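Work through these short exercises with the model open. Try each task before reading its solution.

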Amino acid sequence: MCVKHDKLLELFCKTDQVCVCMLCSVLDHKTHDVVPLKEGYEGKKAELGKTEAEIQKMIQKRRLKIQEMNRSVELSKEGADREIADGVQVFTALKESVERSQAEHNDTIKEKPRETEEQAEGFIKELEQEISELKKRSSEVEQLSRSENQLHLLQSFTSLNAAPPTKNWTEVRVHPPSYEGTVVRAVTQLEETLSKQMKKLLEVELKRVQQYEVEVTLDPDTALPKLILSDDGKQVKDGDVKENLPGNPERFDLCPCVLAKQSFSSGRFYYEVQVKGKTQWDLGVARESINSKVNITASPQKGYWMIVLRNEKEYQAGAGPAVCLSLKSLP
């Protein structure tokens, strides 16, 4: 097979070698000075050049895809490092808060025995003082009882016979302190601290999510004819009269629903919907392939991811059979 380049082909054809070349139109390859190429050779070269350019373009696209993936890996690592750093900061603060609560609880508990001890020490001091006075009186009475001086006995009897002034200790008690509820109060206080910290974290998380905010407007061509949309496409309410609107494949015929004009196939998106004051509503996202002409079954299998409100206070997630949601704070 001859090489494709012209000069090499010509030199090869002038040698004693037998050349069977699909591109050469002369059978005696030793007699011509210039290789007469068959018709279409230049076109094939152009086509090969185009193919080469396409291949290079494909290579470049794949290189760019590799760069994109490497960048995604870098962003993932950066995000992980940032999240770990934030977590360390938060959990360190929580750990310090727990340790501080524990220390305060321990100090409170330790203070109670000290108060009991001080009270007991005061009472014991009084009792010892009275014991000392009673011992002194006992000694004086004993000495007087051995005295043979009747005059002195008579003179001293009245004062010594009376008991010295003492306290009635019958009802005096030193009660051990009560520790009931101290741990509960400490944990309750800690819970309040954690709740405040959680609120701050949710505020930070909300700001992080809000960077994906998108503009969403309602599409009147999908709304059930009974629904009334505002001119700016930002509000919808239930009307009493079914409007005579042109039918189209996207319009809901049975359910009071309306879709947004915007649709998203990938990525993250954030938008807010005001539901205050409503007794019931359905809110979520739907596949483009849903059938808007039939009754809706709120489940991912049917193409719907929805949260619903019923009876003013019952929140559910549409998952085929509804899943009840227990919320600490209402939307």
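**Exercise 1.** In this predicted model, decide whether Phe269 is buried, partly exposed or exposed.

Solution. Take the relative accessible area of Phe269: 37%. Buried needs under 20%, and exposed needs over 50%. Phe269 is therefore partly exposed.

**Exercise 2.** Classify Phe264 in the same way.

Solution. Phe264 has 40% relative accessibility. That value lies between the two cut-offs, so Phe264 counts as partly exposed.

**Exercise 3.** Find how many aromatic pairs there are, then classify the pair Phe123 and Trp169.

Solution. The count is 3 aromatic pairs. Now take Phe123 and Trp169: their ring centres are 6.0 Å apart, and their planes stand at 80°. Centres within 6.5 Å make a pair, and planes over 60 degrees apart count as edge-to-face. So this pair is edge-to-face. Next, locate the partners. Phe123 sits in helix H2 (residues 41-145), and Trp169 in the loop between helix H3 (150-161) and helix H4 (182-209). They are 46 residues apart, so the pair links distant parts of the chain. Both Phe123 and Trp169 are buried.

**Exercise 4.** Classify the aromatic pair of Phe264 and Phe269.

Solution. Centre to centre, Phe264 and Phe269 are 3.9 Å apart. The angle between their planes is 25°. Under 30 degrees counts as stacked. The pair is stacked.

**Exercise 5.** Describe the surroundings of Ser292.

Solution. Start with its place: the loop between strand S3 (281-286) and strand S4 (304-310). At 4% relative accessibility, Ser292 is buried. Its side chain reaches the backbone oxygen of Arg251 at 3.2 Å. Leaving out residues up to four places away in sequence, Ser292 touches Pro249, Glu250, Arg251, Phe252 and Asp253.

Definitions and conventions. Residues numbered from 1 in each chain as written. Predicted model: local features only at pLDDT ≥ 70, side-chain atom pairs only at ≥ 80, totals over all residues. Heavy atoms only, no water. Helix = DSSP H or I, 4+ residues; strand = E, 2+ residues; numbered from the N terminus. Buried < 20%, exposed > 50% of the residue type's maximum accessible area, 1.4 Å probe, protein only. Polar contact = N/O pair within 3.5 Å; in protein donor to acceptor, adjacent residues only side chain to side chain. Contact = heavy atoms within 4.5 Å.
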